[in-house]
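Dear colleague,

Please find the structure we discussed below, together with its sequence. My findings follow it, and I would be grateful if you read them with the model open.

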Amino acid sequence: MPHFFLKLIAPRPTFAMDLNDQEKAMMQEHFLYWKGRQEQGEVLVFGPVLDAKGPYGMGVIVAADEAAARAFGAGDPAMKSNSGFTCEIHPMRAVTRDTTH
């Protein structure tokens, strides 16, 4: 199956440092969404990237096609919150421990 790189961009550069209580609760739901999908084998790796230009979230997923990857991203509670997040999705060839060539 193809792999996709998802980049979750927060609504403001300071988001990771100044979340309010509602945002903290939403980010907990976001984490549980990704962790649950990881446990199902759909997510290879995910987490925050602490870029000096502005932190963002990233994940590498396994999906049948780009439409499935877009559905995955759209189902993320951060995206469903309609609070200004954007999600970039890029096809990729992930090399994992299980890659044989």
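Rings of Phe, Tyr and Trp, the last taken by its six-membered ring, are counted as a pair if their centres lie within 6.5 Å; planes under 30 degrees apart are called stacked, those over 60 edge-to-face, and the rest tilted. Please bear in mind that this is a predicted model.

With that criterion, five aromatic pairs are found in a search of the whole structure. One of them brings together Phe-31 and Phe-46: the ring centres are 5.9 Å apart and the planes meet at 45°, so this pair is classed as tilted. The two residues come from distant parts of the chain, since Phe-31 belongs to helix α1 and Phe-46 to strand β2, with their positions 15 residues apart. Both rings belong to a cluster in which ring pairs link Phe-31, Tyr-33, Trp-34, Phe-46 and Phe-72.

How accessible are Phe-31 and Phe-46? Phe-31 has a relative accessibility of 39% and therefore counts as partly exposed. Phe-46, at 21%, is likewise partly exposed; the class begins at 20%, because buried means under that value.

Turning to the sheet, four strands form an open arrangement in the order β2-β3-β1-β4, with antiparallel pairing. Strands β2 (43-49) and β4 (86-92) are at the edges; each has a single partner strand, so one side of each lacks a neighbour in the sheet. From one strand to the next, the twist averages 15°.

Within this sheet, β1 (residues 3-9) and β3 (residues 56-62) run antiparallel and are joined by seven bridges. His-3 is placed opposite Val-62 of β3. There is also a contact between a charge and a ring: the charged end of Lys-7 sits over the ring of Tyr-56, at 4.3 Å from its centre.

Two helices lie across the strands. Helix α1 (residues 21-39) lies across β1, β2 and β3, and runs at about 155° to β2. Helix α2 (residues 66-74) lies across β1, β2, β3 and β4, at about 30° to β1.

One further residue deserves a look. Asn-82 has a phi near 50°, which is a positive value in a residue other than glycine. Asn-82 is located in the loop between α3 (77-80) and β4. With a relative accessible area of 71%, Asn-82 is exposed.

With kind regards

Conventions
Residues numbered from 1 in each chain as written. Predicted model: local features only at pLDDT ≥ 70, side-chain atom pairs only at ≥ 80, totals over all residues. Heavy atoms only, no water. Pairing = 2+ DSSP bridges. Axes fitted to C-alpha atoms, helices over the stretch in contact; angles between N-to-C directions. Contact = heavy atoms within 4.5 Å. Buried < 20%, exposed > 50% of the residue type's maximum accessible area, 1.4 Å probe, protein only. Lys NZ or Arg CZ within 6 Å of the ring centre and 35° of its normal.
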